[in-house]
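Trainee: I would like to go through the labels used for this model and check each one against its cut-off. Where do we begin?

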Amino acid sequence: MKTAKELDLWYQTEDPWQYKSSEDDKRRLKQILFTLGWGPRFYLRALDIGCGEGFITQHIPAYEIHGLDISKKAMSRLPGNVKAITKPEGKYDLVLCSDTLYPEYDQDAIYKTIMNTASKYILISGIDERIPKFEFGKEIFRNAIQYQRQYNQLITLYEID
């Protein structure tokens, strides 16, 4: 799925990825939150690029949380503690991108958005073989978990110099 239209069709059903019922995704969420703890325990402003319905986004330890996704349908389901945005609003001390920096999406545009909006920390999560080797800053912590029995899911926290 590449386009907003394709994703909006996908999101006709709530939780189409079945994140809420998947033990792998519950473990992935737990590991992402653990990894975020290697930076500050709490962030001022956070942006989740490719937030979907906010499965991870709603749990980000931040005072202000923004969610950005190309699917308006998904963003209409964001929890109340997440502000749905159509474009970044300034700088964020944490920018998170989980399972979005893949070839079927515009990786260069996503990378540019990450680098233009992050002021301190970046968390990248995704299937190891599918994540491009972009430069995000100084690696602080890397965690790998098995995902869906066949993938190596990397969760990496970077600090911008």
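Trainee: Why is Asp-99 called buried?

Mentor: Asp-99 has a relative accessible area of 16%. Buried means under 20%, exposed over 50%, and partly exposed in between, with a 1.4 Å probe and protein chains only. Asp-99 is therefore buried.

Trainee: What should I know about the model itself?

Mentor: This is a predicted model, in which local features need pLDDT of at least 70 and side-chain atom pairs count only at pLDDT 80 or more, while totals for chains, interfaces and linings use all residues. Residues are numbered from 1 along each chain as its sequence is written, and side-chain values use heavy atoms, with hydrogens and water left out.

Trainee: Where is Asp-99 placed, and what is its phi?

Mentor: Asp-99 is in the loop between strand 4 (92–98) and helix 4 (107–117). Helices (H or I, at least four residues) and strands (E, at least two) are DSSP runs, numbered from the N terminus. The phi of Asp-99 is near 55 degrees, which is positive although the residue is not glycine.

Trainee: Which residues does Gly-126 contact, leaving aside its neighbours within four places in sequence?

Mentor: Asp-99 is one of them, and the others are Tyr-102, Ile-131, Asn-152, Gln-153 and Leu-154. Contact means heavy atoms within 4.5 Å. Gly-126 lies in strand 5, and at 0% relative accessibility it counts as buried.

Trainee: What makes the buried residues of helix 4 line one face?

Mentor: The buried residues in helix 4 are Gln-107, Ile-110, Ile-114 and Thr-117. Seen down the helix axis, they fall within an arc of 120 degrees, so they line one face of helix 4. The arc is that of the directions from the helix axis to the C-beta atoms.

Trainee: What covers that buried side, and what does the face turned away from it carry?

Mentor: The cover over the buried residues of helix 4 includes strand 1 (43–49), strand 4 and strand 5 (118–127). The face turned away carries the exposed residues Asp-108 and Lys-112. Asp-108 has 55% relative accessibility, so it counts as exposed.

Trainee: How do you know that Cys-51 and Cys-97 are not bonded to each other?

Mentor: A disulfide is a pair of cysteine sulfur atoms within 2.5 Å. The sulfur of Cys-97 is 11 Å from the closest cysteine sulfur, that of Cys-51, and this is too far for a bond. A search of the whole structure finds 0 disulfides.

Trainee: Are these two cysteines buried or exposed?

Mentor: Cys-51 is buried at 7% relative accessibility, and Cys-97 is buried at 1%.

Trainee: How many aromatic pairs does the structure hold?

Mentor: There are 9 aromatic pairs. Rings of Phe, Tyr and Trp (its six-membered ring) pair if their centres lie within 6.5 Å; planes under 30 degrees apart count as stacked, over 60 as edge-to-face and the rest as tilted. Phe-34 and Phe-141 are 5.8 Å apart centre to centre, with 70 degrees between the planes, and form an edge-to-face pair.

Trainee: What does the pair of Phe-34 and Phe-141 tie together?

Mentor: Phe-34 lies in helix 2 and Phe-141 in strand 6 (residues 138–147), so the pair ties together parts that are 107 residues apart in sequence. Phe-34 is partly exposed at 44%, whereas Phe-141 is buried at 16%.

Trainee: What makes Phe-134 and Phe-136 an edge-to-face pair?

Mentor: Their ring centres are 6.3 Å apart and their planes 85 degrees apart, which fits the edge-to-face class. Phe-134, at 24% relative accessibility, is partly exposed, and Phe-136, at 2%, is buried. Tyr-111, Phe-134, Phe-136 and Tyr-158 form one aromatic cluster.

Trainee: How do you know that Arg-45 sits over the ring of Tyr-92?

Mentor: A charge sits over a ring if NZ of Lys or CZ of Arg is within 6 Å of the ring centre and within 35 degrees of the ring normal. The charged end of Arg-45 is 4.3 Å from the centre of the Tyr-92 ring and sits over it. Arg-130 lies over the face of Tyr-102, at 4.2 Å from the ring centre.
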